[in-house]
Amino acid sequence: MTVLLREAIGDRLRHTRTTQHRTLREVSRSARVSLGYLSEVERGRKEASSELLAAICDALDLPMADLLHTVASDMSALAAMANGPTADEAAKPRESADAAYEGGRLVHDAVGDSLSDIRLQPVLTHRLPTITPPRGEVVVAA
């Protein structure tokens with residue numbers, strides 16, 4: 001599953017706005033962007049220009065560099081989850097308690113190992129693939 005850059009940016013902008021308990025109307029007024037267009041950007045339907053993105057970030061008091069860094073981290077985490085472990089990684093026993101794969105199977109949903117990665121999980125939840133073990137197998141978190 002491929003996530004487009006505009007979708008990842010939109011997810012992050014919406015997450016930031018809702019975390020601040022702000023409405024689309026408030027942010028659109030502050031950014032001087034139409035409410036409908038801001039909604040389309042948040043839903044990943046429209047590709048925001050750099051000027052528009054700067055205006056939205058200013059309205060949210062969110063440095064654009066922080067937004068882009070977080071979006072890059074989100075997309076890297078999704079790519080890692082989609083690709084899974086290589087054959088060599090799956091064959092090696094993991095020593096870490098944070099290991100996401102054991103014996104080639106997903107043991108628990110681990111987006112990352114730092115505290116900043118924990119806050120990404122609610123936003124990415126609807127984009128991450130659901131992995132269920134075959135019948136009769138029990139998956140135990142490490």
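**Group meeting: helix α3 and the core around it**

The protein chain has 8 helices and 2 strands. Keep in mind that this is a predicted model. If you go along the sequence, the order of elements reads α-α-α-α-α-α-β-β-α-α.

A few overall values before the details. The protein chain has 142 residues, and 33% of them count as buried. The surface it exposes comes to about 9000 Å², with 52% of that supplied by carbon and sulfur atoms. Now take the contacts between residues at least 6 apart in sequence: 61% of these join residues at least 24 apart.

Next, helix α3, which covers residues 35-42. Which of its residues are buried? They are Leu38, Ser39, Val41 and Glu42. These four sit on the same side of α3, because the arc they cover around the axis is only 160°. What do the buried residues of α3 pack against? The partners are α1, residues 5-19, α2, residues 24-31, and α4, residues 50-59. Just after α3 comes Gly44, with a positive phi of about 75°.

Let me take one of those partners, α1. The axes of α1 and α3 are 7 Å apart, and the two helices pack at an angle of about 115°. On the α1 side, the residues that meet α3 are Arg6, Gly10, Asp11, Leu13, Arg14 and Arg17. On the α3 side they are Ser39, Val41 and Glu42. Sorted by class, this contact of α1 with α3 has 5 charged residues, 2 polar and 2 nonpolar.

Leu13 from that list also belongs to the largest nonpolar core. That core has 20 residues, and the ones touching the most other members are Leu13, Ile56 and Leu67. Where do the core residues come from? Helices α1, α2, α3, α4 and α5, the last being residues 64-83, each supply at least two. The largest share comes from α4, with 5 residues.

To finish, stay with Leu13 and leave aside its neighbours within four places in sequence. Its contacts are then Val41, Glu42, Leu53, Ile56, Leu60, Leu62 and Leu67. Two of these names have come up in α3, as Val41 and Glu42 are among its buried residues. Two others, Ile56 and Leu67, were named with Leu13 as the core members that touch the most others.

How values were computed
Residues are numbered from 1 along each chain as its sequence is written. This is a predicted model: local features need pLDDT of at least 70, side-chain atom pairs count only at pLDDT 80 or more; totals for chains, interfaces and linings use all residues. Side-chain values use heavy atoms; hydrogens and water are left out. Buried means under 20% relative accessible area, exposed over 50%, partly exposed in between (1.4 Å probe, protein chains only). The arc is that of the directions from the helix axis to the C-beta atoms. Contact means heavy atoms within 4.5 Å. A nonpolar core is a set of buried Ala, Val, Leu, Ile, Met, Phe, Trp, Tyr and Cys residues joined through side-chain atoms within 4.5 Å. Axes are lines fitted to C-alpha atoms, for helices over the stretch in contact, and angles run from 0 to 180 degrees between N-to-C directions. Ala, Val, Leu, Ile, Met, Phe, Trp, Tyr, Cys and Pro count as nonpolar, Asp, Glu, Lys and Arg as charged, and the others, Gly among them, as polar. Accessible areas come from the Shrake-Rupley method with a 1.4 Å probe; for residues, only the protein chains shown count as cover.
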